[in-house]
Every structure is written in C-alpha cells, then in structure tokens.
Amino acid sequence: SVDEDSVRKELGIKKHIFGYSQAELERKANGEKVFPHVFGTDMYGRDILVRVMYGARVSMSVGVFAAILVLVIGALYGAISGYCGGKVDLFIMRIVDIIYSLPDMLMVILLASVLKVAIGNSLEGTVLEQIGSNIISLFIVFGVLYWVSMSRLIRGQILSLKEQEYVLAAQATGASGRWIITRHLIPNCISVI
C-alpha cells in the first residue's frame, strides 16, 4: 500500500490547511504578503480550493439540469396518469414499473456510452458543442431513468386532489383536462414537488 505522505509529496500537495508552496514560502520570507490557502497549494502554487470549486461547476450543472428534467417529466407523466385513471393509469404505471425494474448503474453506463456516440457527431458547429456530448448524455440518462419516483409521488397527490370540489366545478364549467391539470392540480402539488 502507498502511504498518504509519499503521494502528497509526489503531487506537491501540502499536508495542512492554509499551506503554502515553496515559492510562496520564499515570497513570505522576503516580506511579501501572501494569501492563505484554505486547502493548501500544490507544488506549482495553485490554490487547491479554487481548483475544486472550478471542477464542481460540472457536477453542479449536471445535478441542477438533471433535477429539472426529472421534475418536468415526472410531474407531467404522473399528473396525466393520476387525472385520467383507468386503463391509461394502468398502462402508464406498468411503464413506470418496467423502468423501476432496470438496474440503474447498468443503464447509466449503457445509455451514456450509446448517447455519447449518437450525440457526439450531431453537436459539431452548435452551441451545445462547448458543453460536450458526455455532459448532455448524462442529462438525458438521468432524465430517462430517475423521473419514475417523481411520477409516482405526483400521481398519488393528483389522485387525492381530483376528488376535490374545485376540480368538479372546473369540469362542470367545461374546462379541458389539460386546463384542470395545469391550472388546478399541478399548482396544488407544489408541496410534493
């Protein structure tokens, strides 16, 4: 096994927080004021905290965009299933059960590799080329796989809300199902969402 100190020494990473590189220590000895580095620096004097924050942008963007995609797909799918009921609900929930039964990690790896190849060629010359096919395929994979739990939550809430008097009143005035879902039911599911 490799000990931690030898790896740190090889990479040039200081062991303590607020650590300085050798060049910064020399600058401090000459009387210059040097900014303290919370995670320390590497052997080139680069701040590790800044590098971690810069790298976290990708993780945060994947998390935020995937969550938005999951929210939109799951809310619409669950609302339609809960409002329509009957055979439509049965069919939609069987699709949800099939997606639930798939192993997540295997599907993530499979879909990400297939989408990377499929998307990679079609992004050339577009604005999305800067984001990259890997990140876009991750958005799509998370959107395709993880909306099912949101769909079940929304469906359960819609099933209880569609029995309320305001839904009956909207139906009596001739409102369409789309209007009732978007104007009455989904706004009342905000606590679940």
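**Exercise 1.** In this predicted model, a polar contact of 2.4 Å joins the side chains of D89 and S81; establish where D89 lies, whether it is buried or exposed, and which residues it is in contact with beyond its neighbours within four places in sequence.

*Solution.* Begin with the position: D89 belongs to helix α4. Next, take its relative accessible area, which is 10%; because buried means under 20%, D89 counts as buried. Finally, once the neighbours within four places in sequence are left aside, the contacts of D89 are with S81 and R155. The partner S81 is itself among the buried residues of α3.

**Exercise 2.** Describe how α3 and α4 pack, giving the angle, the separation of the axes and the handedness of the crossing.

*Solution.* The two helices pack at an angle of about 145°, and their axes are 7 Å apart, while the crossing is left-handed. On the α3 side the residues that meet α4 are Y77, I80, S81 and C84, and those they meet in α4 include D89, I92 and V96. Beyond α4, the buried residues of α3 also pack against α6, α7, α8 and α9.

**Exercise 3.** Check whether the end-to-end distance of α3 agrees or disagrees with its expected span, and then examine the helix along its course and at its two ends.

*Solution.* Helix α3 has 37 residues (48-84), so at 1.5 Å a residue it should span 54 Å, and its end C-alpha atoms, 54 Å apart, agree with this. Along its course, α3 bends by about 30° at A56. At its start, a side-chain oxygen of D47 comes to within 3.0 Å of the backbone nitrogen of L49, whereas the residue that follows α3 is G85, with a positive phi near 65°.

Conventions: Residues are numbered from 1 along each chain as its sequence is written. This is a predicted model: local features need pLDDT of at least 70, side-chain atom pairs count only at pLDDT 80 or more; totals for chains, interfaces and linings use all residues. Side-chain values use heavy atoms; hydrogens and water are left out. Helices (H or I, at least four residues) and strands (E, at least two) are DSSP runs, numbered from the N terminus. The expected span of a helix is 1.5 Å times one less than its number of residues. The bend at a residue is the angle between axes fitted to the seven residues ending there and the seven starting there. Buried means under 20% relative accessible area, exposed over 50%, partly exposed in between (1.4 Å probe, protein chains only). Contact means heavy atoms within 4.5 Å. A polar contact is a pair of N or O atoms within 3.5 Å; within protein, one must be able to donate a hydrogen and the other to accept it, and residues adjacent in sequence count only if both atoms are side-chain atoms. Axes are lines fitted to C-alpha atoms, for helices over the stretch in contact, and angles run from 0 to 180 degrees between N-to-C directions. A crossing is left-handed if the near helix is turned anticlockwise from the far one by less than a right angle, and right-handed if clockwise.
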